[in-house]
Amino acid sequence: MRYLSTISFWGITIALSYSQPEISILGSADILQADLYNPARFQNRGWNIGLPALAYNFYHTGPGYRKIIDQSTGQPVLRLSNLRDGLKDENFLYTDFRFQTFKLKYGTKQWSFGLDHEIIFHSSIEYPGDLIRLYLDGNQQFIGQTIDIAPEGLIYSMNSYGFLISRSWSNMTLGIKPRILFGGQYGNVPLAKAELHTSDDVYQVTLNTDFRFDNVGLVRFENSNFLNYQIESFNQWSLFSSNLGAALDIGLQWHLSDAFDLGLSVVDWGRIRWDTDVRSYQSEQTMVYEGLEVVDLFEKEEIKIPDAIDSLRSIFQLEESQESLVFKLPTKFIAVATYQAGPGLELSLITYYQSGLSRPLVVGLQGLTGLSSHWKLGATLSNRYDEMNLGLMSVWTQSKWVAYLATDQVLTNLNPLQSNHFNLRVGLNLHLEGTTFD
């Protein structure tokens with residue numbers, strides 16, 4: 001009954017949690033990249049080299065990438081019409097991409113020193129279903145109603161350079177990693193109110209806004225008008241920029257007994273200041289569009305509506321500013337409790353709290369077992385985006401290298417272009433000069 005109660009408690013906790021972050025590699029001590037989430041992890045001796053590694057996560061309440069992005073013409077085109085099927089009142093699009101270009105770590109019996117570089121891209125966008133319906137079918141369907149058409153979102157890209165140092169004692173390891181950040185693109189919606197009302201008697205349109213969009217290198221609105229925009233190029237990446245920032249990662253690994261280990265960490269505690277190419281657009285007003293009166297409709301051969309176009313432009317007029325912005329990274333608090341359940345079997349309870357989310361707490365259970373002297377297989381149970389998820393991880397260990405492949409979701413389509421929920425982390429690490437796995 002005690003084990004049944006424990007299993008039931010954590011099963012209910014997982015079902016009530018809401019996972020967005022990656023948790024696949026948090027419970028494995030053999031993977032060098034585990035110290036990205038806790039600088040006190042992976043205290044192996046000798047030289048440890050992380051070859052280029054990839055982590056990618058995509059989730060959409062609607063269809064997958066292939067259906068919403070059409071590249072048949074040679075240029076990517078957003079097909080909003082394909083969002084109609086399965087459209088919800090509130091829709092969510094989440095993308096997270098991390099590319100580690102290199103990682104170097106040297107460990108002794110008591111000390112470890114590391115250096116790494118990552119390219120990081122994050123995008124989380126929430127958009128109301130009525131915004132898409134309005135775009136596709138007009139406002140006739142909303143006569144007599146007030147609808148919210150304001151999207152919300154956070155987008156940022158950056159280069160992260162980390163310098164890690166850790167110290168080990170008999171049963172405890174403390175690690176710290178200061179990081180220098182160079183910001184690339186940035187977009188944020190700190191204010192998101194845009195209510196559209198269509199009168200049911202004279203069909204007058206009223207737009208009430210309190211909306212702000214902070215933007216660096218994403219979108220440019222010509223003449224500060226929402227109807228006249230240009231998407232900036234995303235193919236210009238630089239390892240350095242004038243948008244400087246700093247962050248600090250702190251971790252503790254505590255060996256409580258032969259069976260229990262506890263890891264605690266705080267990650268992404270920092271900020272970036274955006275100074276270059278900053279453009280913020282704000283609309284705080286109530287605008288009314290009364291339409292255009294057309295007289296002698298059947299006697300005119302041509303009807304010109306320049307006044308109507310001007311009225312529409314005035315409704316979507318924005319105020320532009322170019323002041324510097326300060327962005328606080330979403331800080332993460334992570335705890336991993338590991339239990340050696342038997343020879344070759346590890347069980348980990350993972351809790352992950354990320355600030356800035358509507359449901360910030362993540363809980364997952366992970367099991368890792370050795371199928372042979374070189375091969376370990378793991379499984380992770382969690383709740384991602386209000387869906388129960390089963391993740392798998394495979395770790396192949398040799399004397400001089402370790403390869404790993406992990407995903408937090410195997411219950412959906414595994415084609416990254418077709419699936420609306422895909423997650424993957426893959427990498428290869430070299431371990432030289434007498435490295436030992438403790």
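A contact means that heavy atoms lie within 4.5 Å of each other. The exercises below use this term for a predicted model.

**Exercise 1. The protein as a whole**

Determine what share of the contacts between residues at least 6 apart in sequence joins residues at least 24 apart, and describe the make-up of the protein.

*Solution.*
Step 1. Among contacts between residues at least 6 apart in sequence, those that join residues at least 24 apart account for 67%.
Step 2. The secondary structure consists of 4 helices and 24 strands.
Step 3. Of the 438 residues in the protein, 45% are buried.
Step 4. The exposed area is about 22500 Å², and carbon and sulfur atoms supply 58% of it.

**Exercise 2. The surroundings of Leu54**

State where Leu54 is placed, and identify which residues Leu54 touches, not counting residues up to four places away in sequence.

*Solution.*
Step 1. Leu54 belongs to strand E2, which covers residues 53–60.
Step 2. The relative accessible area of Leu54 is 28%. Buried requires a value under 20% and exposed a value over 50%, so Leu54 is classed as partly exposed.
Step 3. With residues up to four places away in sequence left out, Leu54 touches Phe97, Arg98, Leu424, Arg425 and Val426.
Step 4. A separation of 4.8 Å is found between the C-alpha atoms of Leu54 and Phe99, although these residues are 45 apart along the chain.

**Exercise 3. Two positive phi values**

Compare the settings of Phe42 and Asp277, and state what the phi of each is.

*Solution.*
Step 1. Most residues other than glycine have a negative phi.
Step 2. Phe42, which is not a glycine, has a positive phi of about 55°. For Asp277, also a residue other than glycine, phi is positive and near 60°.
Step 3. Phe42 is located in the loop between helix H1 (2–16) and strand E1 (46–50). Asp277 is located in the loop between strand E14 (260–274) and strand E15 (278–289).
Step 4. Phe42 is buried because its relative accessible area is 5%, whereas Asp277, at 34%, counts as partly exposed.

**Exercise 4. Salt bridges across the sequence**

Find how many salt bridges the whole structure holds, and examine the pairs Lys376 with Asp30, Asp35 with Lys105, and Arg179 with Asp249.

*Solution.*
Step 1. The search of the whole structure yields 15 salt bridges.
Step 2. In the salt bridge of Lys376 with Asp30, the closest N and O atoms are 2.9 Å apart. Lys376 lies in strand E21 (residues 375–384) and Asp30 in the loop between H1 and E1, and the two are 346 residues apart. Lys376 is partly exposed at 26% relative accessibility, while Asp30 is buried at 13%.
Step 3. Asp35 and Lys105 form a salt bridge with an N to O distance of 3.0 Å. Asp35 is in the loop between H1 and E1 and Lys105 is in strand E5 (residues 90–107), so the pair ties together parts 70 residues apart in sequence. Both Asp35 and Lys105 are buried.
Step 4. For Arg179 and Asp249, the closest N and O atoms of the salt bridge are 3.3 Å apart. Arg179 is in strand E9 (residues 172–198) and Asp249 in strand E13 (residues 244–255), so this pair ties together parts 70 residues apart in sequence. Arg179 is buried at 6% relative accessible area, and Asp249 is buried at 1% relative accessibility.
Step 5. Through shared partners, salt bridges join Asp35, Lys103, Lys105, Asp116 and Lys177 into one network.

Methods: Residues numbered from 1 in each chain as written. Predicted model: local features only at pLDDT ≥ 70, side-chain atom pairs only at ≥ 80, totals over all residues. Heavy atoms only, no water. Buried < 20%, exposed > 50% of the residue type's maximum accessible area, 1.4 Å probe, protein only. Areas by Shrake-Rupley, 256 points an atom, 1.4 Å probe, with all protein chains shown as cover. Salt bridge = Lys/Arg side-chain N within 4 Å of Asp/Glu carboxyl O.
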